[in-house]
Amino acid sequence: MNSPFLDTALEAARAAADVIRRYYQNNLKVTIKADKTPVTDADVETEKVIRNIISSRFPAHGFYGEETGQSAMDAEYLWLVDPIDGTKAFVREYPMFSTQIALMHRGQLIVGVSSAPVYGELAWAEIGKGAWLNDKPIKVSEIDTVEGGAISAGNLKTLASGPRWDRFGKLVARAHRIRGYGDFLHYHLLAAGKIDAVIESDVNILDVAACSVIVEAAGGKFTDLEGKALTLETTSVLAANSKLHSTVLNALR
């Protein structure tokens with residue numbers, strides 16, 4: 001049985017999907033925020049719907065939202081929410097965007113829901129209880145070599161300007177397949193055993209918190225590019241099945 005936390009996250013994701021579908025392909029006005037990222041009325045309304053559901057169930061919990069800000073960040077339980085991760089895709093009317101909802105307990109991410117309502121995927125997980133994609137249980141692959149693996153990369157701007165770029169090139173040359181699925185999709189594919197590793201160097205914790213829970217609950221390992229556990233300050237990702245993670249990490253060091 002799901003915990004009340006996961007049930008609430010799923011309810012919030014489904015309510016968010018209703019808002020998103022109503023706004024999608026309606027030629028929305030786009031505002032550029034101070035950090036130069038876009039925001040629409042759909043982003044704000046979607047987060048408000050999510051926040052209202054969560055706060056009505058757990059008023060003592062903290063909340064960290066992409067659009068409505070932070071509250072009680074030092075609470076024992078902290079919700080991390082990106083209402084539309086991939087606003088640029090949403091605005092340009094292609095389906096590579098999602099709603100990301102995660103719950104952190106004393107610094108550990110324990111619940112994750114990743115909803116891509118137009119693409120047609122809903123993934124969720126709870127640490128220690130498994131992961132699901134569209135109501136089917138999922139697990140990471142057993143591939144244990146780079147030469148046999150499929151690697152997806154995204155948000156590589158920082159990597160391209162840093163010391164790992166040459167090592168990344170050598171890793172790509174070894175891989176069986178290299179793709180750039182990006183956003184929620186490569187994490188769903190990883191958790192379902194359809195690809196074997198994901199590398200990103202420019203992320204926000206709100207983009208990846210929920211997917212990290214899904215990957216780890218599916219048997220994978222999810223760290224930053226230094227091999228460290230995720231925190232609110234995390235800006236990079238190395239996610240892989242448990243057999244391949246250390247190999248890829250060492251190849252990039």
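This report describes salt bridges, one helix pair and one surface patch in a predicted model. Residues are numbered from 1 along each chain as its sequence is written, and side-chain values use heavy atoms, without hydrogens and water. Local features need pLDDT of at least 70 and side-chain atom pairs count only at pLDDT 80 or more, while totals for chains, interfaces and linings use all residues.

A salt bridge is a side-chain nitrogen of Lys or Arg within 4 Å of a carboxyl oxygen of Asp or Glu, and by this rule the count comes to 10 salt bridges. Three of them are listed here.

| Salt bridge | N to O distance |
|---|---|
| Arg-106 and Glu-76 | 3.2 Å |
| Lys-243 and Glu-142 | 2.8 Å |
| Glu-147 and Arg-174 | 2.9 Å |

Exposure is graded by relative accessible area, with buried under 20%, exposed over 50% and partly exposed in between (1.4 Å probe, protein chains only). Arg-106 is exposed at 67%, whereas its partner Glu-76 is partly exposed at 37%. Lys-243 is likewise partly exposed, at 45%, and the pair Glu-147 and Arg-174 has values of 43% and 36%. In addition, Lys-33, Glu-66 and Glu-67 are linked in a network of salt bridges.

Helix 6 (residues 183–191) and helix 7 (residues 205–217), both DSSP runs (H or I, at least four residues) numbered from the N terminus, pack at an angle of about 10° with their axes 9 Å apart. The axes are lines fitted to C-alpha atoms over the stretch in contact, and angles run from 0 to 180 degrees between N-to-C directions. The two helices are therefore roughly parallel, a term for angles under 35 degrees.

How values were computed
Angles under 35 degrees count as roughly parallel, over 145 as roughly antiparallel, 65 to 115 as roughly perpendicular and the rest as oblique.
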